[in-house]
Amino acid sequence: MHLSNSEHRGNIDIIDIEASGLHFDSYPIEIAILVGGTYHSWLIKPEENWSNWCEKAEAVHGISRSLLFKEGQSVSVVAEEISEILNNASGVIYSDANRWDEDWLSTLFYACRRKSPAKISSIFDLLSDEQKAKFHIIKNDLSLSGKYRAHRALDDVRIIEKALAQSVV
């Protein structure tokens with residue numbers, strides 16, 4: 001299935017997750033979602049046993065561990081709010097890094113002893129080869145435009161949404 005522009009508008013739910021690193025022991029630190037045309041975003045206070053921290057990852061996303069402890073919300077609050085929002089979604093939420101994002105979302109919900117409420121699929125499953133090529137170019141241009149903070153979850157969701165819309169024209 002490949003999208004046309006009319007099929008895209010308001011119908012695609014998107015998620016992006018920033019993490020403590022890319023190690024198997026990493027965990028989610030920021031989540032943003034777009035569901036039903038509304039954006040949501042959370043900084044996440046690490047659990048006690050979430051100790052893996054990659055300074056290279058911090059240099060990329062710019063989120064310090066101290067900021068998470070100061071401004072982050074508890075895992076249980078974030079999980080509850082995401083569950084409520086995703087109950088009104090299509091059941092599938094899309095990502096440009098679905099395997100990573102699905103793992104980190106599962107990590108969040110596992111910490112609360114809950115099951116993840118949504119399946120995360122690849123945004124690329126919706127695109128033809130030509131649309132994928134356009135998507136990558138447009139996403140890169142948007143990331144470098146200075147209008148967004150790349151590798152911050154909310155801005156990454158906005159970039160994905162705009163790149164998707166422009167690549168299916």
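Begin by selecting helix α6 together with α7 (153-167), since the buried residues of α6 (buried being under 20% relative accessible area, with a 1.4 Å probe and protein chains only) pack against α7, contact being heavy atoms within 4.5 Å. The model is predicted, so that local features need pLDDT of at least 70 and side-chain atom pairs count only at pLDDT 80 or more, while totals for chains, interfaces and linings use all residues. Residues are numbered from 1 along each chain as its sequence is written, and side-chain values use heavy atoms, with hydrogens and water left out.

Within α6, show Gln131, Phe135, Ile138 and Leu142, which are its buried residues. They lie on the same side of α6 because they cover an arc of only 80° around the axis, taken from the directions from the helix axis to the C-beta atoms. Turn to the face away from that buried side, and Asp129, Ile137 and Leu144 appear as exposed residues, exposed being over 50%. Just after α6, select Gly146, whose phi is positive, near 85°.

Next, select strand β2 (residues 28-35), where eight of eight residues are buried; helices (H or I, at least four residues) and strands (E, at least two) are DSSP runs, numbered from the N terminus. Add strand β1 (residues 14-19), which pairs with β2 in the antiparallel sense over six bridges, pairing requiring at least two DSSP bridges between the strands, and find Asp16 opposite Ala32 in β2.

Finally, add strand β3 (residues 38-43), joined to β2 by six bridges and running antiparallel to β2, with Ile33 opposite His40. In the hairpin turn, with two residues between β2 and β3, Gly36 has a positive phi of about 60°.
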